[in-house]
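Reader: Please pick one part of this model and take me through it slowly. I am in my first year, so explain any angle before you use it.

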Amino acid sequence: MSKLHLAAFYLLTVLSVLCSCRGGSTRSVSAGDTLQLKYAQNLTMVRHKGYTEVSIADPWHKGRTLHRYVLLADSTLPKDSLPQGTVIRTPLRRSVVFTTVHCSLLLSLGAGDAIKGVCDLRYIDLPWIQQQCQAGQIKNCGSGMAPDIEKIIDTKPGAILISPFENSGGYGKLEEVDIPLVECADYMEPTPLGRAEWMRFFGILTGHERQADSLFQVVEERYQHLVRQAEKATSHPSVVMDKKNGSVWYVPGGESTIGRMIEDAGGRYAFASEVKGGSLSLPFERVLDQAGQSDVWLFRYSAPGPITYAQLAAEYEGYSRMKAFRTHRAYGCNTMTSLFYEESPFRPDYLLNDFIVLLHPELKGLEPLRYFQPLHP
């Protein structure tokens with residue numbers, strides 16, 4: 001071998017060693033087996049021996065990563081053998097959960113005992129959670145906007161389940177404590193089944209993978225069956241969602257799970273052309289102009305009892321100019337007396353059934369309404 005070839009050989013050897021080193025230690029990470037997800041677009045999970053690597057795509061900045069996690073099942077693995085990411089020991093036995101929807105999901109998976117603290121307790125309409133808080137088994141850690149850090153620390157959670165928001169500015173003092181933050185970005189998935197499939201991530205996190213896989217199979221099969229039922233309808237009524245909140249009207253974007261679900265139900269969503277996964281903040285005049293002639297009006301509200309057309313008109317005179325108001329095809333979902341927020345994100349089949357019943361009353365064999373009800377005069 002010539003001196004030139006020998007020098008090149010040594011250079012390549014040194015470069016390969018340097019590339020394999022990070023922070024002075026060598027990391028040998030196997031390729032692993034990627035878990036096949038059928039619908040979720042912002043979630044990637046790769047199973048390795050002793051741990052699962054999870055990557056969450058940033059839903060607001062295409063091409064970026066929101067967070068990487070290493071769900072560590074084998075605590076004997078040396079740290080330098082793990083990939084980069086927030087390490088969470090699994091199964092997760094203790095957690096603080098910031099949202100009612102994720103409390104409900106953990107209960108559905110049989111992982112309720114992993115909930116040791118919650119925020120915004122007054123918004124969690126789950127009897128078991130309320131009872132456990134009263135009994136002192138679950139700590140009330142205050143408001144989600146200003147959580148009680150000392151109570152959270154006293155709970156000794158292995159992780160905090162929290163929902164990220166665009167341009168939120170971070171999580172404040174929560175980022176100063178040495179507790180992993182699980183950023184639950186499931187709500188930014190563009191399809192209902194995409195969001196529901198995130199239950200597989202929470203199943204691995206809590207050690208209830210089999211239950212999560214089984215539940216998702218039920219949801220998927222029932223949802224697809226309902227879509228096939230909706231395809232039998234001959235009409236495609238137009239739909240407008242929700243109502244004014246203060247001075248603005250928040251409507252789901254065309255690429256939101258609600259927007260996609262209306263389409264799956266055989267409806268025509270008034271804001272389907274708005275390419276956005278979250279909500280749009282619009283003045284009433286814009287909604288009236290673009291969606292005032294919609295055939296069906298579906299909205300959510302919170303009140304001790306059912307709302308009437310008279311109360312709706314008294315609340316805001318402009319509502320009476322909506323076609324669906326005049327034709328009495330407005331339907332309300334009382335979130336105070338139903339489990340809409342607790343159930344529907346991970347059981348989109350429940351909500352899809354409601355949509356199909358309301359949009360296509362001629363179709364038979366569907367379940368009774370679960371969330372939305374006709375308004376009384």
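Author: Start with what an angle between two helices refers to. An axis is a line fitted to C-alpha atoms, for a helix over the stretch in contact, and the angle runs from 0 to 180 degrees between the N-to-C directions. Direction therefore counts, and two helices lying side by side can give a small angle or one close to 180 degrees. The model is a predicted one, and the part to look at is helix α7, residues 209-230, together with its partners.

Take α7 and helix α13 to begin with. The two pack at an angle of about 15°, and their axes are 9 Å apart. Angles under 35 degrees count as roughly parallel, so α7 is roughly parallel to α13. The crossing of α7 past α13 is left-handed. From α7, the residues that meet α13 are V219, R222, Y223, L226, V227 and A230. On the other side, α13 contributes P348, D349, Y350, L352, N353 and I356. Sorted by class, this contact has nine nonpolar residues, one polar and two charged.

Now turn to helix α6, which covers residues 199-206. The axes of α6 and α7 come within 7 Å, and they cross at roughly 165°. An angle over 145 degrees counts as roughly antiparallel, and α6 and α7 are therefore roughly antiparallel to each other. Their crossing is right-handed. On the α6 side the contact involves M199, R200, G203 and I204, while α7 supplies E209, A212, D213, L215, F216 and V219. These residues divide into six nonpolar, one polar and three charged. Glycine belongs with the polar class in this scheme. One residue of α7 is worth marking: V219 is part of the contact with α6, and V219 also meets α13.

The picture can be carried one step further by following α13, which spans residues 348-359, to another partner, helix α8, residues 257-264. The axes of α8 and α13 come within 9 Å and cross at roughly 50°. That makes α8 oblique to α13, and the crossing is right-handed. Here the residues in contact are I258, M261, I262 and D264 from α8, with P348, L351, L352, F355 and L359 from α13. By class there are eight nonpolar residues, no polar ones and one charged. P348 and L352 take part in this contact with α8, and P348 and L352 are also among the residues of α13 that meet α7.

Put the pieces in order, then, when you look at the structure. Helix α7 is roughly antiparallel to α6 because the angle between them is roughly 165°. Helix α7 is roughly parallel to α13 because their angle is about 15°. Helix α13, in turn, has α8 lying oblique to it, at roughly 50°. As for handedness, α7 passes α13 in a left-handed crossing, whereas the crossing of α6 and α7 is right-handed, as is that of α8 and α13. To trace the chain of contacts by eye, begin at V219 in α7, which serves both α6 and α13, and then go to P348 and L352 in α13, which serve both α7 and α8.

Definitions and conventions. Residues numbered from 1 in each chain as written. Predicted model: local features only at pLDDT ≥ 70, side-chain atom pairs only at ≥ 80, totals over all residues. Heavy atoms only, no water. Helix = DSSP H or I, 4+ residues; strand = E, 2+ residues; numbered from the N terminus. Parallel < 35°, antiparallel > 145°, perpendicular 65-115°, else oblique. Left-handed = near helix turned anticlockwise from the far one by under 90°. Contact = heavy atoms within 4.5 Å.
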